[in-house]
Amino acid sequence: ITPTRHLFLTLGPCRSCKLTPTTRSVRVISKKPPNIPTMSDEEIVDAVEEVEEEVAEMNVLDALKEVLKKALVHDGLRKGLHECAKALDRRSARLCCLAKDCENEEYKKLIRALCAEGEVSVIMVDSGKDLGAWCGLAKLDADGEVKKAVRTSCAVITDFGEETRALSVLLDYLQKQADGEE
């Protein structure tokens, strides 16, 4: 004898006749789950080693991309001159990204001065289009590739979000930069 349960479903009104909702009993026969193969201990160890190898090869730009995406998810990313200047002025900024290809020197001078005043680290990025894409200001195609990106010359992180390997790589890089300047 197989164990059975009755499941009661409440159905909505019929679309054609607009009758009141009805309740029907449905018989559900529970079965044993199929045998699912499990991973052996050796396979688990191999999978963990592969993940560790991938993490070890992270460079600063990849770490910056990941940190920017985490900050965007946790609502800790400010983009553009106005938002960045407000965050830097309030001293809520923790990291600033500035594009090297910014054409307006006054813009760069203002951001650098606000960062120096608030003792915020500045990372220079080669292209404003890349910075815009990393900040989520891009349209993606079906494959997930950037189709069109909006250029932004400045982005400020006010909240890193989660503690990740990328964040530690980035903070180590910034610490080395600060030690090299002194």
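Contact here means heavy atoms within 4.5 Å. With that in hand, here's a quick tour of this predicted model: two pockets, one helix that matters to the bigger of them, and a lysine tucked out of sight. The largest pocket holds about 360 Å³ of space, and H6 gives the largest share of its lining. The buried residues of H6 pack against H2, strand E4 (95–99) and E5.

**Helix H6**

- H6 runs over residues 165–181.
- Its length checks out: at 1.5 Å a residue, the 17 residues of H6 should span 24 Å, and the end C-alpha atoms sit 25 Å apart, which agrees.
- Ala166, Leu167, Val169, Leu170 and Leu174 are the buried ones in H6.
- Looking down the axis of H6, those buried residues fall within an arc of 165°, so they line one face of the helix.
- As for what that buried set touches, the partners are H2, E4 and E5.

**Largest pocket**

- The lining is made up of 15 residues, and Ser121, Val122, Leu174, Gln177 and Glu181 lie nearest the centre.
- Two or more lining residues come from each of helix H2 (60–73), helix H4 (105–118), strand E5 (121–125) and H6.
- H6 puts in 5 residues, the largest share.
- Leu174 shows up twice in this story: it is one of the buried residues of H6, and it is also among the lining residues nearest the pocket centre.
- Sorted by class, the lining comes to 11 nonpolar, 2 polar and 2 charged residues.

**Second largest pocket**

- This one has a volume of about 190 Å³.
- Its lining includes Lys65, Lys69 and Leu72, along with Ala133, Trp134, Gly136 and Leu137.
- Also on the lining are Ala138, Leu140, Gly144 and Val146.
- H2, helix H5 (128–134) and strand E6 (138–140) each chip in at least two residues.
- Here H2 has the largest share, with 3 residues.
- The class split is 7 nonpolar, 2 polar and 2 charged.
- H2 is worth a second look, as it supplies lining to the largest pocket and to the second largest pocket.

**Lys108, a buried lysine**

- Lys108 is found in helix H4, an element that also gives residues to the lining of the largest pocket.
- Is Lys108 buried or exposed? Lys108 has a relative accessible area of 9%, and the cut-off for buried is under 20%, so Lys108 counts as buried.
- Setting aside neighbours within four places in sequence, Lys108 is in contact with Leu98, Ala99, Lys100 and Cys102.

Definitions and conventions. Residues are numbered from 1 along each chain as its sequence is written. This is a predicted model: local features need pLDDT of at least 70, side-chain atom pairs count only at pLDDT 80 or more; totals for chains, interfaces and linings use all residues. Side-chain values use heavy atoms; hydrogens and water are left out. On a 1 Å grid over the protein atoms alone, a cavity is a set of points where a 1.4 Å probe fits but cannot get out, and a pocket is an open set with protein on both sides within 12 Å along at least five of seven lines; lining residues have an atom within 4 Å of a point. Grid points are joined across faces, edges and corners, and a volume is the space filled by probe spheres set on the points. Helices (H or I, at least four residues) and strands (E, at least two) are DSSP runs, numbered from the N terminus. Ala, Val, Leu, Ile, Met, Phe, Trp, Tyr, Cys and Pro count as nonpolar, Asp, Glu, Lys and Arg as charged, and the others, Gly among them, as polar. The expected span of a helix is 1.5 Å times one less than its number of residues. Buried means under 20% relative accessible area, exposed over 50%, partly exposed in between (1.4 Å probe, protein chains only). The arc is that of the directions from the helix axis to the C-beta atoms.
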